[in-house]
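Reader: Please take a close look at one helix here. Then set it beside some of the other parts.

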Amino acid sequence: MLPPVNDDRDYTPFVRQFEERGHARIPLTPSLARDIDNIYRLGEAFFARSEAEKQRYSMQSFVEGYRELGPEYSQVPERPDLTESFSAWNRNRGRAEVEATVGDIDLHRALREVSDQMSLLVRGMFRAMARAWGPADAPELGFYNGTYVQVNYYEPARHSAELLQDSHEDAHLLTLIKSNAPGLEIEIDGKFVPAGADGNEIVVMPGSLLSLMTGYKIQPMYHQVRNNRRNQPRSSLMQFVNPEINQKLEPWIKNESNAGIDIIERANEGPKQFGMPTLVDGDEGEAFPELMEHKEEVLARAAAPQAKVG
């Protein structure tokens, strides 16, 4: 549950940005900027560890913690996203098996703290959207336990591909993103242009679930990550916002584009198009059995006695 924090900011301007630009930009406060920079530093130190050390902090049955390059893709499995990642889901807070795996690492704690700060922004935007687009009696959209934060770690110079992630929309309600280097591009008027996510703002991109909530008044934002061949790593922090799946979700704007569509079911199935498990499978700890097997193999090899040479 999102902690009760008074927030008197007016989020109406961000609603207008969605209507006029197709996305929104939220200025970073100095404190949030410092917290995000800390995640970049912690992430770079973590991703520099050996494979076995990183796999110790993987709990992919719940889609939590470390995930290696390969399983996730933007269009087709043959072109995986060229990034490692580390995730923290709100729904997993308090799960004993998750806490035993990732609970003692600073990166995970830092991700959770920033996730709560970003969730306050999301709550404010959703309340403003409901006022602007929904009926007067629209219930509050539950999202906290359906939402997760993730840091992606790219090593551009290692790859020859022009794109580190192919063009896609995230199939969520919203994606909040802040990067420490250029690369993210968004589609504007049919052309991909730099998103500016490496500046002093959080870029907020709508997904197809928000399109369904608004009768496609707001279109999903397609985006991609271009390979700039930089020798230094590139880190990107994202919050992926899904609806909680234990609610009945009615669109704010109803028309023929969303007639008869179960938005919660779309949310549950959406991750499968990117090689990811359904929300239900992740919630029940039944995600990625192949990654859990791979983890055990990596850890077993690391623990095996090494043959003497000579």
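Author: Helix H9 covers residues 289-303 in this predicted model. H9 has 15 residues. From first C-alpha to last, H9 reaches 21 Å, close to the 21 Å expected at 1.5 Å a residue. Which residues of H9 are buried? They are Leu291, Met292, Lys295, Val298 and Leu299. Seen down the axis of H9, these buried residues fall within an arc of 120°, so they line one face of the helix. What does that face meet? The buried residues of H9 pack against two helices, H3 (51-55) and H4 (96-102). They also pack against two strands, S2 (58-59) and S3 (64-67).

Now helix H5. H5 runs over residues 106-133 and has 28 residues. Its first and last C-alpha atoms are 40 Å apart, close to the 40 Å expected at 1.5 Å a residue. Of the 28 residues of H5, 21 are buried, so H5 is largely enclosed by the rest of the structure.

One more residue deserves a look. Leu176 lies in strand S7, residues 174-179. Is Leu176 buried or exposed? Its relative accessibility is 0%, and buried means under 20%, so Leu176 counts as buried. Leu176 and Met118 are 58 residues apart in sequence. In space, their C-alpha atoms are 8.0 Å apart. Leaving aside neighbours within four places in sequence, Leu176 is in contact with Met118 and Val122. Its other contacts on that basis are Ile202, Val203, Val204, Leu237, Met238, Gln239 and Val241.

Technical notes. Residues are numbered from 1 along each chain as its sequence is written. This is a predicted model: local features need pLDDT of at least 70, side-chain atom pairs count only at pLDDT 80 or more; totals for chains, interfaces and linings use all residues. Side-chain values use heavy atoms; hydrogens and water are left out. Helices (H or I, at least four residues) and strands (E, at least two) are DSSP runs, numbered from the N terminus. The expected span of a helix is 1.5 Å times one less than its number of residues. Buried means under 20% relative accessible area, exposed over 50%, partly exposed in between (1.4 Å probe, protein chains only). The arc is that of the directions from the helix axis to the C-beta atoms. Contact means heavy atoms within 4.5 Å.
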